[in-house]
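Hello,

Here is the structure I promised to pass on to you. Have a look at it first, and then read on for what turned up in it.

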Amino acid sequence: MEQKALNTLPPQQHDYEAIAASPEFKSLVKKKNKFLLPITVFFLLFYFTLPFLTSFSTVLNKPAIGDITWVWVFAFAQFIMTWSLCMIYVKKANEFDVESESILKLHNKNEGSDR
Amino acid sequence: MSVLGLFFFAAIVGLTLYVTYWASKRTNSASEFYTAGGGLTGWQNGIAIAGDYLSAASFLGIAGAIALNGFDGFFYSLGYLVAYLVVLYIVAEPLRNLGKYTLADMITARFDQQKIRATAAISTLTIVLFYMIAQLVGAGALIQLLLGIDYWIAVLLVGIMMTTYVLFGGMAATSWVQIIKAVLLMVGTIIISFLVLLKFDFNILKMFSEMKTVTPAGADYLNPGVKYTNGIDTMSMMIALVFGTAGLPHILMRFFTVKDAKTARSSVVYATWIVGIFYILTIFLGFGAAAFVGSEDIIEANAAGNMAAPLLAKALGGDLLMSFVSAVAFATILAVVAGLVLSGASAFAHDIYAQIIKKGQVTEKEQMKAARYASIGVSALSIILALFAQTMNVAFLVSLAFCIAASANLPVIIYTIYWKRFNTTGAVSAMLTGLLSALILVAVSPNVWGPEGTAIFVGDPLFPLTNPAVVSVPAGFIAGYIGSLVSAKADERKYAEVAVKANTGLK
C-alpha cells in the first residue's frame, strides 16, 4: 500500500467562501436537503409508528396472513423500507457526485486563473 | 469440552493470530494503525461494519430474546436495522469528508478548540468503557458456559486476545478479524435457519401456527407485550437504538478506513444488506430455540437467554454444529472488543495525547507508541473493571452506551454538519448535557435501584424508565441549541469551509 499523499502534503488552501457562495454549490445543497429531509422524516415516522402502535394499542395483534399477525408484517415492511431507501440513496448520491465534481472543476479553473 | 470443540476454537484463534501477524508487518504508521491506511474496499469495510453490528449481543442476545419473548425480542433487530438509514442519510459521508481518525477530528474541523476535542474524547472514552465492560462481562459468562472454565480466566483470555490483535495488527488486523467472523457468523446462522425451516417443511405459515402452542406465553407469543409493558420505556429504548448507532465510536471509526465518501457509502450498502438478512434470520433462530430447545432449558442455561442459539445448534446439528457455533460466538466477542479497544485508544492517543497535550507536535513514531500504550491501557482498565463487574446485569451497560452515544454524540454531529449558527458553547453544552443526563438518569433508574436482588442497590428508583433516551436525547439537542443562541455569533467563514468539505469532499 503506497503512503497516502494527503498525510504528507500540507493542506491546500482553498477559497471555501467563494465556493459556498457560488450558485452551483447553493443549488447542490438545496437539492440534497430537499432529498434527504423528507425521506429522513418519513423513515423515522414509519419506524416509530410500530413501537407506538404496539405500546398504546392492540391493532397490530390481529392476524394478517394465516397466524402471522400484522405486527410481523409491519416489521417486515421496515426491512423492505430500509433496503429500498438504501438503494435510492446510492442512486441519488451518485447524481450529486457528478454535480459536486463539476463544482470543484469550475472552482479549480477559477483559482488557476487568479494566479 | 469435546475434541471437536477444541479444534474449532484452536482453528479460530490460529487463523486470527495469523491475520494479526500478516497485518503487523504493514502497520507502521499512525494512519495504518488507526484506519488501516484508509485502504479497505467497499465490500471489505461493509462486511466489517456488519461485523461490528453482529456482536454477541445480536447473535446470542437477540436469538435468546426472541426465543423467550417472541416479538418483543425482535424490537432490537428493528432498531439496529433502521439505525443504518440514520447513519447513511445523515452521518456517513460528511463524517468521512471532515474527519481523519476520530469523531473529535470531525467536530474540530469546524471548531478548532482544545476544550471541544477534550469533551468529544471524554464522551468517546465513556461510551467505549461501558460498552467494553458489557461485552467482557457477557463474554466471560458465555465462555465460562461454553468451555467450562472460570469466569476470571475467560475474561483474561478474551482480554489478552483482543490486546494482541490491536497492539500488533492495528486496524488492519481488527478489520480482517471482523470480516472473517462476520462471514463465519452468517454461515452458521444460515445453516441453523435452514435446519429450522426444514423442520417446519419450509412452510412459514405452519411455523407461526405452531409457535402459538409451544411456548408458555401461548398465542400471545406472536404479539408484542410479552416483556415490554411500559409503553414509554419501549419508545425510549427504540429512540436509543435508532439514534445511538450513529454515535457509537467504533462504528463511526469504520468510515475512516476507506478512501473516500463514495466508498463509505457503498460499504454502508453492503452492511445494510448483510445485517438485514441476518436480522430476518434471527426470527428462525429465536423460534427454533423456543420450539426445539424449549424455554425451560434455555432459562436454565442462562436466565437472559444467551445460550439459546448454541443450544439450538446442538438440538439440530449435534456437537459438531454446537462447537462450530460456540467458536463463532467466541470470535464474535473478540472482534467486537478489539474494535472497541481501537476506538478508545485513538480517542486517547490521537485526541488527548497528540492533539491536546502535545499540541499536534508529535512524530509518527511517538504517535504509534502512544497509540499502543493507550491500547494496553484501555484493555487493562476494562479487564480489571470487568473482573469486578461479574454479577452486574450487562443489558443496562449496553443500553447506557447506546444512550450516551445518542444523547452526547449525535446532536453535536448533526449540528456541526447542518447548522450554520452552531458554535463552540453549543457544542460543549450539547455533549456535556447529553453525557451527564444519560449517566445521571441511569444512575437513578430501576436498573440500579430496585427491590432486593433485582438491581445493584436496594431502594426506590428516582427515575421510572430503564432507558433514559426519551429525556436525554432531546436534552442534548436542546442544550446545543440554547448554548449556541446565548453565546457569541458563529464563525460563518468556518461554516462555509465545513459545508463545502462535507458536501464535496474537497480537502
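To start with a small puzzle: is Ala36(B) buried or exposed? Please keep in mind throughout that this is a predicted model. Ala36(B) is buried, because 27 other C-beta atoms lie within 10 Å, and 20 or more are enough to count as buried. You will find Ala36(B) in the loop between α2 (30–35) and α3 (42–53) of chain B. Its phi is near 55°, which is a positive value in a residue other than glycine.

Lys359(B) makes a good companion to look at next. Its phi is near 50°, again a positive value in a residue other than glycine. Lys359(B) also sits in a loop, the one between α14 (308–357) and α15 (364–388) of chain B. Here, though, the surroundings are given by 9 other C-beta atoms within 10 Å, so Lys359(B) is exposed.

A third loop residue is Arg26(B), placed between α1 (3–24) and α2 of chain B. Arg26(B) counts as partly exposed, because it has 16 C-beta neighbours inside 10 Å. From Arg26(B) to Leu103(B) the separation is 77 residues in sequence and 25 Å in space, C-alpha to C-alpha.

Now to the helix I would show you in chain B, α5. Helix α5 (residues 71–98) has 28 residues, so at 1.5 Å a residue it should span 40 Å, and its end C-alpha atoms are indeed 40 Å apart. There is a kink of about 50° in α5(B) at Val91(B), shortly before the proline Pro94(B). The helix is mostly covered, with 27 of its 28 residues buried.

Helix α5(B) also matters for the next topic, the contact between the chains. Chain B brings 44 residues to this contact and chain A brings 48. On the side of chain B that touches chain A, at least two residues each come from α5, α9 (204–214), α10 (231–244), α12 (261–292) and α19 (492–504). The largest share comes from α5(B), with 11 residues. Sorted by class, this side of chain B has 25 nonpolar, 12 polar and 7 charged residues.

Next, the interior. The largest nonpolar core has 220 residues, and those that touch the most other members are Val158(B), Ala289(B), Leu312(B), Leu334(B), Val337(B) and Ala401(B). Helix α14(B) gives the most to this core, 31 residues. Taking Leu312(B) as an example, and setting aside its neighbours within four places in sequence, its contacts are Ile192(B), Leu285(B), Gly288(B), Ala289(B), Phe292(B) and Val293(B).

Finally, chain A. It has 115 residues, of which 18% are buried. Its secondary structure consists of 4 helices and 2 strands, arranged along the sequence as α-α-α-β-β-α. Among the contacts in chain A with a separation of 6 or more, 57% join residues 24 or more positions apart.

What does the UniProt record place at residues 35–56 and 68–90 of chain A? An unreviewed entry there gives both as "transmembrane region". In the model, residues 35–56 of chain A are 100% helix and 0% strand, with end C-alpha atoms 32 Å apart. For residues 68–90 of chain A, the make-up is 91% helix and 9% strand, and the end C-alpha atoms lie 33 Å apart.

Happy exploring, and best wishes!

Definitions and conventions
Residues numbered from 1 in each chain as written. Chains lettered and ligands numbered in written order. Predicted model: local features only at pLDDT ≥ 70, side-chain atom pairs only at ≥ 80, totals over all residues. Expected span 1.5 Å × (residues − 1). Bend = angle between axes of the 7 residues up to and from the residue. Buried ≥ 20, exposed ≤ 12 C-beta atoms within 10 Å, placed from the backbone. Contact = placed C-beta atoms within 7 Å. Nonpolar A, V, L, I, M, F, W, Y, C, P; charged D, E, K, R; others polar. Core = buried A, V, L, I, M, F, W, Y, C linked by C-beta atoms within 7 Å. UniProt positions renumbered as here; feature names shortened; annotations may be inferred.
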